[in-house]
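Hi,

Here is the structure I promised to pass on. Have a look at it first, and then read on for what turned up when I went through it.

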Amino acid sequence: MADTKTFLEEKDIPKSWYNIAPDLPAPLPPALHPGTKQPAGPDDFAPIFPMALIGQEVSREREIPIPEEVREVYRLWRPTPLYRAHRLEKALDTPARIYYKYEGVSPAGSHKPNTAVAQAYFNKAEGVKRLATETGAGQWGSALAFACRIFGLECKVYMVKASYFQKPYRRSMMETWGATVVPSPSQDTRSGRSILARDPETPGSLGIAISEAVEDAATHDDTKYSLGSVLNHVLMHQTVIGQECKAQFEKLGVYPDVVIGCVGGGSSFAGIAFPFIRDKLGGKKVQFIAVEPEACPSITQGKYVYDFGDTAELTPLVKMYTLGHTFVPPAIHAGGLRYHGMAPLISLLCSLRIIEARAVHQNAVFGAAVFFARHEGIVPAPEPAHAIKVAIEEAVKCKETGQAKTILFNLCGHGHFDMSAYDAYLAGRLEDYAYPKAEVEKALAGVPKL
Ligand SMILES: Cc1ncc(COP(=O)(O)O)c(C=O)c1O
């Protein structure tokens with residue numbers, strides 16, 4: 001039998017991040033200043049981001065070197081293993097070969113530290129003392145809390161209220177690394193207070209928490225803002241995943257036919273997919289599937305227009321698939337996928353049909369997660385369980401057609417802090433929210449007209 005795990009050595013940790021910008025077949029529409037609606041320049045971002053990250057955001061260099069200090073921290077968990085899902089294949093009785101890249105081995109339990117460590121490093125290098133951020137599932141907040149601890153920065157996390165109460169131990173974990181965590185919307189910011197005044201029972205959303213964290217950074221001289229997804233440089237930091245994957249496949253003499261990942265803001269998907277999309281743009285035949293929740297279907301039901309990244313309209317406008325920046329998604333258990341928009345890079349690639357998107361309901365997702373756990377052992381986070389659901393669908397299709405495709409998905413986090421969701425699923429208490437059409441229409445009506 002072929003090996004179950006393929007490893008690389010620490011010396012094989014990538015030495016640069018892959019920047020897809022120069023390889024795009026069409027230019028990425030620029031971010032616009034929220035006030036003037038003109039293309040935003042580096043100075044517009046300077047109050048909330050360090051110059052090094054602003055430079056990466058607009059860079060046209062294909063390879064951006066990873067500082068040795070960052071690679072040194074990556075060594076704590078990278079390179080991550082590539083698994084062959086032998087037991088899952090057997091259980092599905094499929095001729096497909098299924099592989100998954102497992103990012104749950106990081107200290108925070110997901111792919112998020114790949115960018116958190118880089119962001120903390122570049123902020124520290126420019127004299128920043130404190131970082132403010134939002135977190136949905138708690139994975140990103142944990143990653144940044146860990147990274148801030150490593151580089152001696154203070155960390156303030158605005159945690160979406162629904163997740164704060166669904167996942168109390170994520171908060172404990174962030175506090176263990178020394179971060180301060182508040183449920184969002186909070187009383188600590190003007191935008192939080194105004195949303196609470198209008199709707200004291202709101203479950204919160206990533207859009208609201210982003211407004212709070214951006215406001216925090218803009219109103220404290222020693223503080224910058226850190227975002228766990230969506231932005232070009234964040235997606236780029238995640239390409240260590242796909243680069244390692246390619247090296248692992250080379251060792252095996254295999255190349256994937258289908259690459260699958262979940263999408264919230266798009267960073268884990270970009271991380272695994274972009275290095276392979278580079279080959280597709282060079283002529284190779286590969287299929288890419290981005291999977292999102294039916295309750296928050298940014299790509300499959302959203303519009304590709306300019307919109308704000310946050311609820312309070314503090315961020316620049318970016319062109320992306322969006323459900324409208326005031327849309328508050330239902331409190332589904334994949335908290336990391338409750339975002340109204342999508343990364344501009346992923347949006348552009350979807351609009352060009354280089355990537356396709358699918359939406360799935362959470363009961364089907366948890367069904368796939370439990371099936372996976374019972375055969376492969378690992379209990380996945382609800383977000384990558386979306387990718388598992390579609391990977392299983394594709395493998396079942398192979399059984400029907402007799403094709404022996406190679407399927408790769410990103411198992412971008414474990415679900416050890418998500419057991420209340422598993423409890424709800426196992427007790428038959430998990431609700432499938434229909435696509436909230438009326439709410440989305442209302443929110444889309446509020447998208448700025450340019
Ligand atoms: C485990 C996990 N996967 C996926 C996501 C979604 O974010 P992204 O699309 O940027 O990977 C999150 C976000 O919090 C997450 O925690």
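The chain's secondary structure adds up to 19 helices and 15 strands. Its radius of gyration is 20 Å, close to the 22 Å that the globule rule gives for 450 residues, so the chain is as compact as a globular protein of that length. Do keep in mind that this is a predicted model. Taken along the principal axes, the C-alpha atoms fill a box of roughly 60 × 50 × 45 Å. Of the 450 residues, 56% count as buried. As for contacts between residues at least 6 apart in sequence, 77% of them join residues at least 24 apart.

Now the ligand. There are 21 residues around it, and the ones that come nearest are Gln139, Ser229, Gly264, Gly336 and Gly413. Helix H6 (139-151), helix H13 (267-281) and helix H17 (382-401) are the elements that give two or more residues to this shell. H13 gives the most, with three residues. By residue type, the shell around the ligand splits into nine nonpolar, 11 polar and one charged.

On to the strands. One open sheet has four of them, in the order S8-S7-S6-S9, and the pairing is parallel. At its edges sit strand S8 (180-184) and strand S9 (223-225), each of which pairs on one side only. On average, neighbouring strands in this sheet are turned by 25° against each other, if you ignore direction. Inside the sheet, strand S6 (residues 130-135) and strand S7 (residues 154-160) run parallel and are joined by six bridges. If you want a pair to find on screen, take Thr133, whose bridge partner in S7 is Val157.

For contrast, here is an antiparallel pair: strand S12 (residues 303-308) is joined to S13 by six bridges. Asp307 stands opposite Val318 of S13 in this pairing. Is S13 enclosed by the rest of the structure or open to the outside? Five of the six residues of strand S13 (residues 317-322) are buried, so the strand is largely enclosed by the rest of the structure. In general, the strands of a sheet pair through backbone hydrogen bonds, and they can do so either parallel or antiparallel.

One residue I'd click on is Thr326, in the loop between S13 and helix H15 (344-351). Is Thr326 buried or exposed? Thr326 has 21 other C-beta atoms within 10 Å, and 20 or more is the cut-off for buried, so Thr326 counts as buried. Which residues does Thr326 touch, leaving aside its neighbours within four places in sequence? Its contacts are Thr311, Ala443 and Gly446. Lys442 is also worth displaying: Thr326 and Lys442 are 116 residues apart in sequence, yet 8.7 Å apart in space, C-alpha to C-alpha.

Last, a helix pair. Helix H9 (residues 190-198) and helix H10 (residues 206-218) have axes that come within 8 Å and cross at roughly 145°. On the H9 side, Arg190, Ser191, Gly192 and Ile195 make the contact, and on the H10 side it is Ile208, Ser211, Glu212 and Glu215. Sorted by type, the residues of this contact are two nonpolar, three polar and three charged.

If you'd like a quick tour, start with Gln139, one of the residues that come nearest to the ligand, then go to Thr133 and Val157 for the parallel pairing, and finish at Thr326 in its loop.

Cheers

Terms used. Residues are numbered from 1 along each chain as its sequence is written. This is a predicted model: local features need pLDDT of at least 70, side-chain atom pairs count only at pLDDT 80 or more; totals for chains, interfaces and linings use all residues. A residue is near a molecule or strand if its C-beta atom, placed from the backbone, lies within 6 Å of it. Helices (H or I, at least four residues) and strands (E, at least two) are DSSP runs, numbered from the N terminus. Ala, Val, Leu, Ile, Met, Phe, Trp, Tyr, Cys and Pro count as nonpolar, Asp, Glu, Lys and Arg as charged, and the others, Gly among them, as polar. The radius of gyration is taken over C-alpha atoms; the globule rule is 2.2 Å times the number of residues to the power 0.38. A residue is buried if 20 or more other C-beta atoms lie within 10 Å of its own, exposed if 12 or fewer, and partly exposed in between; C-beta atoms are placed from the backbone. Two residues are in contact if their C-beta atoms, placed from the backbone, lie within 7 Å. Two strands pair if DSSP finds at least two bridges between them. Axes are lines fitted to C-alpha atoms, for helices over the stretch in contact, and angles run from 0 to 180 degrees between N-to-C directions.
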